[in-house]
Amino acid sequence: MSAFKSDFLNILRERGFIHQCSDFEGLDALAAQGQATAYVGYDCTAPSLHIGNYLTMMMLHWLQQSGNKPITLMGGGTTMVGDPSGKDETRAIRTVAEIEANKASIRGVFSKVLRYGDGHSDAVMLDNAEWLTKLNWIEMLRDIGKHFSVNRMLTMDSVRLRLEREQEMSFIEFNYMICQAYDYVELSRRVGCRLQMGGSDQWGNIIMGVDLGRRMGTPQLFALTTPLLTTASGAKMGKTAQGAVWLNADQFSPYDFWQYWRNTEDADVGKFLKLFTTLPMGEIAKLDALAGSEINEAKKVLATEATALLHGRDAANEAAETARRTFEEGALAESLPTIEIPRSELDAGVGVLNAFVKAGLVASNGEARRQIKGGGLRVNDASVTDEKMVLTPALLTPEGVIKLSLGKKRHVLVKPA
């Protein structure tokens, strides 16, 4: 369709956020009036959110910037059930204490990209445990469950794909989409929410919420999803050799976060500048037009801007300077990620395979062995050729550390405790 009336949808379209929408015209009219209160749900399955969550956080950011109201919904209730979407097996059931600890750890990240308060477009944070844990089973079946068709539920990707692969799906997981749909109805009633956003894998669940709202008498509700995050080479984005790219600094340092974006494939630079920074589109177009070795400058801008948004400008600049000193000057930058190993262990000798696993540079001893065979591991900038090598105090540099490196761009300092 031609240009939207609302800044919100125009921004999302030109930056590449839009995959599907249940009703562009209706949502556009609502957003143009500043009446699009929207939510994204975040389950508390880990102590930190990850890159995929960051994408929907940016959707909420632009919603707020265009004068509409964002809601971050903590999944204190739905985490007890477990979302089966994209999973081949039942998620581990977490205790209430684990969920509460994860929730507390996650909360702080949202204020990096959203403004909370009592104003018209200020963000609010809610928790679906507030209503889901109070539902009476018989009332839930009678008042909510009656609106769901099992035939239709069986066609949802989260269920259908599991059944096609002949993987068992528990009854508790089968109920997840009912909980998510009911969340939407509750948010509509409590705070006038009219839009739910999420990744493309959530489309079926969101549409069920739209339908449940219609059946239970809410105003018209809307659905909007963003494309699945993949790199130009087709890989699912957000994974490294060390695992997920977490948003909490204590699980994935600002330096590692900066390096993650610096290592972006050339073909993805423009796309990621649009999705993960707030740079003006004109500036992004100039950076995206760079070619050859100049594309590296665009990657540095991407890394610094994405890191500044999440971790603050000072942390981003420090990460950029650390990288410059490490790679351009060959200096040992003290602000590189650091782990501590008890002096007694170092005195006794720490196996090189174990050291690289502890540093988070590889996931296992087997991966460390494969990297050694390919010449990928270095200690104090010297290639590791013997998998039985042992780290001892004799390897400490004048700065009192041992530098472990995976390839040319990932480094961790080992410091005696």
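This is a short walk through a predicted model, one selection at a time.

**Stop 1: the six-stranded sheet**

Start by colouring strands S1 to S6. They form an open sheet in the order S1-S6-S5-S2-S3-S4, and the pairing is mixed. Now look at the two edges: strand S1 (20-21) and strand S4 (124-127) each have a single partner strand, so one side of each is left without a neighbour in the sheet. As background, strands of a sheet pair through backbone hydrogen bonds, either parallel or antiparallel.

**Stop 2: strand S3 and its partners**

Select residues 70-75, which make up strand S3. On one side, S3 runs parallel to S4, and four bridges join the two. If you'd like one bridge to zoom in on, pick Ile-71, whose partner in S4 is Val-124. S3 also runs parallel to S2, this time with six bridges. Here, try Asp-43 and its bridge partner in S3, Gly-75.

Is S3 mostly covered or mostly open? Switch on a surface and check: six of its six residues are buried. In a regular strand the side chains alternate between the two faces of the sheet. For S3, Pro-70, Thr-72 and Met-74 are on one side, Ile-71, Leu-73 and Gly-75 are on the other, and all of them are buried.

**Stop 3: Asp-43**

Stay with Asp-43, which belongs to strand S2. Show side chains and you'll find a polar contact of 2.6 Å between those of Asp-43 and Thr-78. What else does Asp-43 touch, not counting residues up to four places away in sequence? The list is Leu-49, Gly-75, Thr-78, Thr-79, Asp-83, Ile-106 and Tyr-176.

**Stop 4: helices across the sheet**

Next, bring up helix H4 (residues 96-107). H4 lies across strand S2 (38-43), S3 and S4, and runs at about 155° to S3. Then add helix H11 (residues 203-215), which lies across S1, strand S5 (195-199) and strand S6 (222-226). The angle between H11 and S6 is about 170°.

**Stop 5: helix H3 and the loop after it**

Select residues 51-65 for helix H3. Here's a quick check with the distance tool: at 1.5 Å a residue, the 15 residues of H3 should span 21 Å, and the end C-alpha atoms are 21 Å apart, which agrees. H3 is mostly covered, with 13 of its 15 residues buried.

Step just past the helix to Gly-67, which takes a positive phi of about 90°. Then click Asn-68, in the loop between H3 and S3. Buried or exposed? Asn-68 is buried, with a relative accessible area of 0%. A polar atom of its side chain lies 2.8 Å from the backbone nitrogen of Ala-36. Leaving aside neighbours within four places in sequence, the contacts of Asn-68 include Phe-8, Leu-30, Leu-63 and Ser-121.

**Stop 6: aromatic pairs**

Time to show the rings of Phe, Tyr and Trp. With centres within 6.5 Å as the cut-off, the count comes to ten aromatic pairs. Pick Tyr-39 and Tyr-184: the ring centres are 5.6 Å apart and the planes are at 65°, so this pair is edge-to-face. Tyr-39 is in strand S2 and Tyr-184 in helix H10 (residues 176-191), so the pair ties together parts that are 145 residues apart in sequence. Both Tyr-39 and Tyr-184 are buried.

Now compare Tyr-54 and Phe-276. Their ring centres are 5.7 Å apart and their planes are at 25°, so this pair is stacked. Tyr-54 lies in helix H3 and Phe-276 in helix H13 (residues 269-276), so the pair ties together parts that are 222 residues apart in sequence. Tyr-54 is buried, at 0% relative accessible area, and Phe-276 is buried at 0% as well. Keep both selected and add Phe-257, Tyr-260, Trp-261 and Phe-272: together with Tyr-54 and Phe-276 they form one aromatic cluster.

**Stop 7: the five-stranded sheet**

Finally, move along the chain to five strands that form an open sheet in the order S9-S15-S14-S11-S12, again with mixed pairing. At the edges are strand S9 (338-341) and strand S12 (382-383), each pairing on one side only. For a last close-up, select strand S14 (residues 402-406) and strand S15 (residues 410-416), which pair in the antiparallel sense over five bridges. Leu-406 stands opposite Arg-410 in S15.

Methods. Residues numbered from 1 in each chain as written. Predicted model: local features only at pLDDT ≥ 70, side-chain atom pairs only at ≥ 80, totals over all residues. Heavy atoms only, no water. Pairing = 2+ DSSP bridges. Contact = heavy atoms within 4.5 Å. Axes fitted to C-alpha atoms, helices over the stretch in contact; angles between N-to-C directions. Expected span 1.5 Å × (residues − 1). Buried < 20%, exposed > 50% of the residue type's maximum accessible area, 1.4 Å probe, protein only. Phe/Tyr/Trp six-rings, centres within 6.5 Å; stacked < 30°, edge-to-face > 60°. Polar contact = N/O pair within 3.5 Å; in protein donor to acceptor, adjacent residues only side chain to side chain.
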